[in-house]
Amino acid sequence: MTDLSPGVRLGFIHGQATDRGLRRTLNEDSLLASERLLAIADGMGGHEAGDIASALCLKILGDGFQQAGAHLDPQSLDTLLIEADRSIVEAGSGRAGTTLTGALLIDASSIEDEPVEQPQLLVFNVGDSRTYLWAQGILQQVSVDHSEVQELMDIGQLDAAQAATHPRRHVITRALGINADNRPDYWMVPLSGCERILVCSDGLSSEIGDSAIQEVLAHFPDPQQAAEELVQAALDSGGRDNISVIVADVQYGHPDDVGITVPRITTTSHQEEKS
């Protein structure tokens, strides 16, 4: 992996796709994708207005990003997530919640007063949606699930195969908006400029494994096609939940952001498209 020199300007070339799945009546996922910020919020099933919670979360994040003029630093991001949690609690009276995961590009153009020695990816996560990094043919899950099965794996009581079929695999331990543990985790990942980022809701990761995900990312160079193929693979495997995917390639020398998509909610089901 080749290190980038200080001051290099990076950006995302991205594609995105979402589907409500084959069993859900509503798509509670929301997506945000720009040249420097990616995020997916998965409204919590079983709670009132999960779709509103996810959309409100990404609206606050997107508005904050725009107001920062693309110079969003880690501290400002943390402040925005605190605001999102508070706003969702107020809007849903503690009955609407959402997970959140995504990635923010940090380089010399992101922080004016503190030059960055090497461009980095700031990955953030609350809940069990996921952010992956694919580079040099290797897929790495950067985020760590906030779930009961992950806690059991951490103490050695479950392995990955057991966790995939555990009856409480969908029980999460952190979320925004439901007066629960709302602390985000953060990771800083150095970039070389040749990485591919995958952000997804658990509707993808619960249907297809990492090997299938890696195969799609390697086979389809166009991010939009890769995103669509991943959603289709999850549908073909059962599509039991809402499925949302952002695939983004890190590229050199992108122009300044010209806008973001925030949020995108699609409620057309795969079944309706075939009918």
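1. On helix 6, Ser 211, Glu 215 and His 219 are exposed on the side away from the buried residues, where exposed means over 50% relative accessible area, buried under 20% and partly exposed in between, with a 1.4 Å probe and protein chains only. The buried residues of this helix, which spans residues 210–219, are Ile 213, Val 216 and Leu 217. Seen down the helix axis, these buried residues fall within an arc of 100 degrees, so they line one face of helix 6; the arc is that of the directions from the helix axis to the C-beta atoms. An α-helix has 3.6 residues a turn, so residues three or four places apart point the same way.

2. This is a predicted model, in which local features need pLDDT of at least 70 and side-chain atom pairs count only at pLDDT 80 or more, while totals for chains, interfaces and linings use all residues. Residues are numbered from 1 along each chain as its sequence is written, and side-chain values use heavy atoms, with hydrogens and water left out.

3. The protein chain has 8 helices and 11 strands, taken as DSSP runs numbered from the N terminus (helices H or I, at least four residues; strands E, at least two). Of its 275 residues, 53% count as buried.

4. The buried residues of helix 6 pack against strand 6 (130–135), strand 7 (138–141), strand 9 (196–200), helix 5 (202–205), helix 7 (223–236) and strand 10 (243–252), a contact being heavy atoms within 4.5 Å.

5. The largest nonpolar core holds 24 residues, of which Leu 58, Leu 61 and Leu 100 touch the most other members; such a core is a set of buried Ala, Val, Leu, Ile, Met, Phe, Trp, Tyr and Cys residues joined through side-chain atoms within 4.5 Å. Helix 1 (50–67) and helix 2 (74–92) are among the elements that give two or more residues to this core, and the largest share, 6 residues, comes from helix 1. A second, separate core of 21 residues includes Tyr 132, Ile 208, Ile 213 and Ala 226.

6. Helix 1 and helix 2 pack at an angle of about 145 degrees, with their axes 9 Å apart; axes are lines fitted to C-alpha atoms, for helices over the stretch in contact, and angles run from 0 to 180 degrees between N-to-C directions. Residues making this contact include Leu 61 and Gly 64 of helix 1 and Leu 77 and Glu 83 of helix 2.
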